[in-house]
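Work through the exercises below with the sequence and the model open side by side. Each task is followed by a solution in steps.

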Amino acid sequence: MLPQKMEDALNEQINREISSAYLYSSMESWFASKSLDGFAKWMNSQVKEELNHSRKIFDYIIQRNGNVKFFDIESPKCEWTTHKEIFEKTLEHEKYITSQISNLYSIAKDENDVATQVFLQWFISEQVEEENSVKKILDKINLTECSCDSIYHLDSNL
Ligand code: OFO
C-alpha cells in the first residue's frame, strides 16, 4: 500500500505531466501555424512523451492499490513570439519538473517507501535526458541568433 502522502504527491505529478503535454501542444500549434513542421513534429513527440509519463504514474498508483485522482488542468500560455522564446520556456519548464521529481523522491525517502524510490529512478534519468535535449536545441538557436536560414535549417533537422 502506498503511504497517503506519497499517493497524494504522485497524483499531483500526474496533473503536472498532463499539464506539460498541454503546454507542449500549445507550442506545437504555434510551430504548425508557421509551417515549421520539423519543430511542430518535435513538440508533438514531447506531448506524447508527457502523456506516457502521466500514464506510467497512473499505472503505478493502481499497481500499489492506490487511488488515482484528477485535478483541473490550467490553460497554458498560447501566445508565442519566437522559437527561441519557446525553447527557453521549455527548458525552464523541464527544470521545474525535475525539481518536482526530486521532491517526490524526498517524500519517498522520508516515508521509507523503497518501491517508489526505485520507480522514480526512471523519471530522474528521463529528466536528465529531457533537459539535455532541450538545452542542445537552445544552444543551436543561440549560436545562430535567429537568422531565417538557420531557423529553416534547424527545422528540417528536427
Ligand atoms: Fe515529463 O518530463 Fe517533461 O515535463
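Helices here are DSSP runs of H or I with at least four residues, numbered from the N terminus. The model is a predicted one.

**Exercise 1.** Place Asn15 in the fold and decide whether Asn15 is buried or exposed.

Step 1. Asn15 belongs to helix H1.

Step 2. The cut-off for buried is under 20% relative accessible area. Asn15 has 15% relative accessibility, so Asn15 counts as buried.

Step 3. Leaving out residues up to four places away in sequence, Asn15 touches Phe71, Asp72 and Ile73. For Asn15 and Phe71, the separation is 56 residues in sequence and 6.5 Å in space, C-alpha to C-alpha.

**Exercise 2.** Describe how helix H1 packs against helix H2.

Step 1. Two packed helices are described by the angle between their axes and the distance between the axes.

Step 2. H1 covers residues 4-33 and H2 covers residues 37-63; their axes come within 8 Å and cross at roughly 165°. Angles over 145 degrees count as roughly antiparallel, and H1 is therefore roughly antiparallel to H2.

Step 3. The crossing of H1 and H2 is left-handed. Sorted by class, the residues in this contact are 17 nonpolar, eight polar and four charged.

**Exercise 3.** Find which residues of the largest nonpolar core touch the most other members, and which helices supply the core.

Step 1. This core has 22 residues, and those that touch the most other members are Met27, Phe31, Phe39, Met43, Ile86 and Phe87.

Step 2. At least two residues come from each of H1, H2, H3, helix H4 (114-144) and helix H5 (148-157). H1 gives the largest share, six residues.

Step 3. Another core, of 17 residues, lies apart from this one; Ile14, Tyr60, Ile107 and Phe119 are among its members.

**Exercise 4.** List the contacts of Met43 and Phe87, omitting residues up to four places away in sequence.

Step 1. Met43 touches Tyr24, Met27, Glu28, Phe31, Ile86, Phe87 and Thr90.

Step 2. Phe87 sits in helix H3, residues 83-110. With 0% relative accessibility, Phe87 counts as buried.

Step 3. The contacts of Phe87 are Phe31, Phe39, Trp42, Met43, Val134, Ile137, Leu138 and Ile141. One of these, Ile141, is 54 residues from Phe87 in sequence, with 8.8 Å between their C-alpha atoms.

Technical notes:
Residues are numbered from 1 along each chain as its sequence is written. This is a predicted model: local features need pLDDT of at least 70, side-chain atom pairs count only at pLDDT 80 or more; totals for chains, interfaces and linings use all residues. Side-chain values use heavy atoms; hydrogens and water are left out. Buried means under 20% relative accessible area, exposed over 50%, partly exposed in between (1.4 Å probe, protein chains only). Contact means heavy atoms within 4.5 Å. Axes are lines fitted to C-alpha atoms, for helices over the stretch in contact, and angles run from 0 to 180 degrees between N-to-C directions. Angles under 35 degrees count as roughly parallel, over 145 as roughly antiparallel, 65 to 115 as roughly perpendicular and the rest as oblique. A crossing is left-handed if the near helix is turned anticlockwise from the far one by less than a right angle, and right-handed if clockwise. Ala, Val, Leu, Ile, Met, Phe, Trp, Tyr, Cys and Pro count as nonpolar, Asp, Glu, Lys and Arg as charged, and the others, Gly among them, as polar. A nonpolar core is a set of buried Ala, Val, Leu, Ile, Met, Phe, Trp, Tyr and Cys residues joined through side-chain atoms within 4.5 Å.
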